[in-house]
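Trainee: Could you take me through one part of this protein in close detail? I would like to start with its aromatic rings and then see what lies around them.

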Amino acid sequence: MPNIQSSYGKLSVFEDFNGYAATASIADATAGTRYNDLTLIAISGAVDHLNVVDESGGVGSFSGAGGAGDGIAITTGCVFVPTSNGPITMEARFKKGSATDLQIFVGWQETVSLSETVNPFTLSGTTLTSNDGGEFWGFYADSTATTDDFRLLASSAGVEDTTAAVTVGPLVKGLTGQSTTTLGALGVRCGCTLTSDSYYIARLIINPDGSAEGWFGHTSMANKNGLTLIGRLASGTLSTTALYYPLLMVLDASTGDTLNEVDYFAAKGSRDWAA
């Protein structure tokens, strides 16, 4: 017997931070704070949240307690499984008040702790540290790295997938030190200059067959008029049965407590009509 389906059954989350909200404090080490369809999680210290009204388009603004690693994690209670909901796509537009004091991850993560969400990748100099949060697929940046850039990488149980075959986007193939056939030790570079108070856009896709794509956009990149394909993984590379959460983490690398702003946060997939 066929499953009853409806055109309204798409899974969709889109938060544009429209509408003024008074400053609210998000406590650290708690079960997160719900904001519409999002869950806001303070990292390493309480974070203040307000929607600013001096910029167009709706902007969520977050400031922390001034400690290293402080910042905000944004996710949603809606979990996505590639085999039943794929292709799954998340996208976020965000910026940081500093180009020299940041740690960022944006993408899909399997395990999201509501008390202290794991930042999957930090890069000090050329030394990458991976933390175990299950399955990951996304972009990361760390201002303590030798070469400032966003990088595309996957990992599983705290082990980065350096040998995964990747088709590197044509506009970023020629970057210095670029991975060309595999994700490599540090991931695939975007060719993006870290810039204070300037918006980045990231889009991460996982397909039902375990293939995946990463797209990125910033005004410092070669393509200034849209998102650029950074890398594409082949079928079977990523887990197709993991329960993925869309995730954006914007943190301070040191104690600067710079302003973190998010223009929008979105995720979508197909409903599992057989469930």
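Mentor: Happy to. Keep in mind throughout that this is a predicted model. Let us begin with the pair formed by Phe94 and Tyr200, one of the 14 aromatic pairs that a search of the whole structure finds. The ring centres of Phe94 and Tyr200 are 5.7 Å apart and the planes meet at 40 degrees, so this pair is tilted. The two partners come from distant parts of the chain: Phe94 belongs to strand β8, residues 88-96, while Tyr200 belongs to strand β17, residues 200-206, and 106 residues separate them. General background helps here: two numbers describe a pair of aromatic rings, the distance of the centres and the angle of the planes.

How accessible are the two partners? Phe94 has a relative accessibility of 0% and therefore counts as buried. Tyr200 also counts as buried, because its relative accessibility is 0%. The cut-off behind that word is under 20% relative accessible area. The pair also belongs to a wider group, since ring pairs link Phe94, Phe139, Phe150, Tyr200 and Phe216 into a cluster.

Now step to the sequence neighbours of these two rings. Arg93 lies over the face of Tyr199, at 3.9 Å from the ring centre. Tyr199 turns up again in the surroundings of Glu261, a residue of strand β21, which covers residues 260-269. Leaving aside neighbours within four places in sequence, Glu261 is in contact with Phe94, Lys95, Asp197 and Tyr199, and also with Val52, Glu55, Val59, Gly60 and Ser61. Glu261 has a relative accessible area of 6%, so this residue is buried as well. Through Phe94, then, you can walk from the ring cluster to the contacts of Glu261.

If you follow the chain back from strand β8, you come to a special peptide bond. Gly86 and Pro87 are joined by a cis peptide bond, with omega at about 0 degrees. Pro87 sits in the loop between α1, residues 82-85, and β8. Two backbone angles elsewhere also deserve a look. Phe17 is not a glycine, yet its phi is positive, at about 55 degrees. This residue lies in the loop between β1 (11-15) and β2 (24-26), and its relative accessible area of 1% means that Phe17 is buried. Ala157 likewise has a positive phi, near 55 degrees, in a residue other than glycine. Its place is the loop between β13 (151-156) and β14 (159-160), and with a relative accessible area of 46% Ala157 is partly exposed. As a general point, most peptide bonds are trans, and most residues other than glycine have a negative phi.

For a view of polar side-chain contacts, go to Gln178, in the loop between β15 (166-168) and β16 (188-189). Its relative accessible area is 10%, so Gln178 is buried. The side chain of Gln178 reaches the backbone oxygen of Val172 at 2.8 Å, and it also reaches the backbone nitrogen of Arg189 at 2.8 Å. Not counting residues up to four places away in sequence, Gln178 touches Val168, Val172, Lys173, Gly187, Val188 and Arg189. To place this loop in the whole, note that Gln178 and Gly58 are 36 Å apart in space, C-alpha to C-alpha, and 120 residues apart in sequence.

Arg189 gives you another such span: its C-alpha atom is separated by 33 Å from that of Ala29, 160 residues away along the chain. Ala29 lies in the loop between β2 and β3 (33-35) and is exposed, with a relative accessible area of 53%. Ala29 touches Ser115 and Glu116, again not counting residues up to four places away in sequence.

Finally, here is the setting for these details. The secondary structure of the chain comes to one helix and 21 strands. The C-alpha trace spans about 55 × 45 × 35 Å along its principal axes. A compact globule of 275 residues would have a radius of gyration near 19 Å, and the 18 Å of this chain agrees with that. Of the 275 residues, 53% count as buried. Among contacts with a separation of 6 or more, 70% come from residues 24 or more positions apart, and the link between Phe94 and Tyr200 spans 106 residues. The accessible surface comes to about 11,100 Å², with 51% of it belonging to carbon and sulfur atoms.

Key
Residues are numbered from 1 along each chain as its sequence is written. This is a predicted model: local features need pLDDT of at least 70, side-chain atom pairs count only at pLDDT 80 or more; totals for chains, interfaces and linings use all residues. Side-chain values use heavy atoms; hydrogens and water are left out. Rings of Phe, Tyr and Trp (its six-membered ring) pair if their centres lie within 6.5 Å; planes under 30 degrees apart count as stacked, over 60 as edge-to-face and the rest as tilted. Helices (H or I, at least four residues) and strands (E, at least two) are DSSP runs, numbered from the N terminus. Buried means under 20% relative accessible area, exposed over 50%, partly exposed in between (1.4 Å probe, protein chains only). A charge sits over a ring if NZ of Lys or CZ of Arg is within 6 Å of the ring centre and within 35 degrees of the ring normal. The radius of gyration is taken over C-alpha atoms; the globule rule is 2.2 Å times the number of residues to the power 0.38. Contact means heavy atoms within 4.5 Å. Accessible areas come from the Shrake-Rupley method with a 1.4 Å probe; for residues, only the protein chains shown count as cover. A polar contact is a pair of N or O atoms within 3.5 Å; within protein, one must be able to donate a hydrogen and the other to accept it, and residues adjacent in sequence count only if both atoms are side-chain atoms.
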